[in-house]
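Visitor: I would like to go through this model strand by strand. Please keep the answers short.

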Amino acid sequence: MFVIKWLVIWSLVAILVLIVLAVAAGHLGFLQGTAPEDLGVRDGKLKPPSTTENSVSSQAALYPDHPQRGYADIAPLPLKGDGPATMARIKAIVEGMEGAKVVKSEPGYLYAQFTTKLMKYVDDVEFWFDPAANAIQVRSASRVGRGDMGVNRKRIEAVRAALEARK
């Protein structure tokens, strides 16, 4: 009984130490990953979705053989007024979201980074006014990890809901 009690205590201590080390690693920047150098619009397309379940893209259908096409597929954002007005609204929405930092803002393109509060993971998010589709194409992807627990989809849907709620 005494041995079992100590095994449980040491197991809990080990788990606690691992949690503290993981949080410390995040705060020291070890979990941020590297900023992609290939973002932006090329030939009317944003970057393809990630090859793991940690991104969403409104252009996933453009990559029919992509292994995560089904997981990544998300609807583009509708226009609220014209393209520039919608992009301005999206920028205002993003700037008001927790952990957001606008990195690049042009009339038809917005790139933001979202950093999680505790672990300091960074996600890269793009919005592009696609004049051919008359919609805002989106891509949101985690830099590290094989999954995102649906965070990128929830973020884009939160932007969609905020955009719909704005007059």
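Visitor: Which residue in S3 does Val102 stand opposite?

Guide: This is a predicted model. Strand S2 covers residues 100-106 and runs antiparallel to S3, with 6 bridges joining the two. Within this pairing, the residue in S3 that stands opposite Val102 is Ala112.

Visitor: How many residues lie between S2 and S3 in their hairpin?

Guide: The two strands are antiparallel. They form a hairpin, and the number of residues between them is 2.

Visitor: Is Glu106 buried, partly exposed or exposed?

Guide: Glu106 sits in strand S2. Its relative accessibility is 40%. Buried would need a value under 20%, and exposed a value over 50%. Glu106 therefore counts as partly exposed.

Visitor: How far apart in space are Glu106 and Glu53?

Guide: In sequence, 53 residues separate Glu106 and Glu53. In space, C-alpha to C-alpha, the distance is 29 Å.

Visitor: Which residue in S5 is the bridge partner of Trp128?

Guide: S4 and S5 pair in the antiparallel sense, over 8 bridges. Strand S4 spans 122-130 and strand S5 spans 135-142. In S5, the bridge partner of Trp128 is Gln137.

Visitor: Which residue takes a positive phi in the hairpin of S4 and S5?

Guide: That hairpin has 4 residues between its strands. The residue in question is found in the loop between S4 and S5. Its phi is near 55 degrees, a positive value in a residue other than glycine. It is Asn134.

Visitor: Where is Asp43, which also has a positive phi?

Guide: Phi of Asp43 is near 55 degrees, and the residue is not glycine. Asp43 is exposed, with a relative accessible area of 80%. Its place is in the loop between helix H1 (2-27) and S1.

Visitor: Why is S5 described as largely enclosed by the rest of the structure?

Guide: Take the two faces in turn. On one side, Ala135, Gln137, Arg139 and Ala141 are buried. On the other, Ile136, Val138, Ser140 and Ser142 are buried. S5 is largely enclosed because the count of its buried residues is 8 of the 8.

Visitor: Which residue in S5 stands opposite Val56?

Guide: S1 and S5 pair in the antiparallel sense. They do so over 3 bridges. The residue in S5 opposite Val56 is Ser140.

Visitor: What is the relative accessible area of Ser57?

Guide: Ser57 is in strand S1, residues 55-57. Not counting residues up to four places away in sequence, Ser57 touches Pro49, Ala72, Asp73, Ile74, Val138 and Arg139. Ser57 is buried, and its relative accessible area is 1%.

Visitor: Which residue's backbone nitrogen lies 3.0 Å from a polar atom of the Ser57 side chain?

Guide: Ser57 is buried. A polar atom of its side chain still has a backbone nitrogen at 3.0 Å. That nitrogen belongs to Gln59.

Visitor: Which element supplies the largest share of the largest nonpolar core?

Guide: This core holds 19 residues, and Leu77, Ile90, Val94, Phe127, Ile136, Val138 and Ile156 touch the most other members. Helices H3 and H4 and strands S3, S4 and S5 each supply at least two residues. The largest share is 4 residues, and it comes from H3.

Visitor: Which residue of helix H4 does Val138 touch?

Guide: Leave out residues up to four places away in sequence. The contacts of Val138 then include Leu46, Val56, Ser57, Leu77 and Phe127. Helix H4 covers 151-165. The contact of Val138 in that range is Ile156.

Visitor: How many residues are in the other core, which lies apart?

Guide: Its members include Leu39, Tyr109, Tyr111 and Trp128. The number of residues in this core is 5.

Visitor: Which residue lies over the face of Phe114?

Guide: The distance from the ring centre is 4.3 Å. The cut-off for a charge over a ring is 6 Å from the centre. The residue over the face of Phe114 is Arg155.

Visitor: How far apart in space are Arg166 and Ile93?

Guide: Arg166 is in the segment after H4, and counts as partly exposed at 37% relative accessibility. Its contacts are Arg89, Ala92 and Ile93, not counting residues up to four places away in sequence. Arg166 and Ile93 are 73 residues apart in sequence. Their C-alpha to C-alpha distance is 9.5 Å.

Definitions and conventions: Residues are numbered from 1 along each chain as its sequence is written. This is a predicted model: local features need pLDDT of at least 70, side-chain atom pairs count only at pLDDT 80 or more; totals for chains, interfaces and linings use all residues. Side-chain values use heavy atoms; hydrogens and water are left out. Buried means under 20% relative accessible area, exposed over 50%, partly exposed in between (1.4 Å probe, protein chains only). A polar contact is a pair of N or O atoms within 3.5 Å; within protein, one must be able to donate a hydrogen and the other to accept it, and residues adjacent in sequence count only if both atoms are side-chain atoms. Contact means heavy atoms within 4.5 Å. A nonpolar core is a set of buried Ala, Val, Leu, Ile, Met, Phe, Trp, Tyr and Cys residues joined through side-chain atoms within 4.5 Å. A charge sits over a ring if NZ of Lys or CZ of Arg is within 6 Å of the ring centre and within 35 degrees of the ring normal. Two strands pair if DSSP finds at least two bridges between them.
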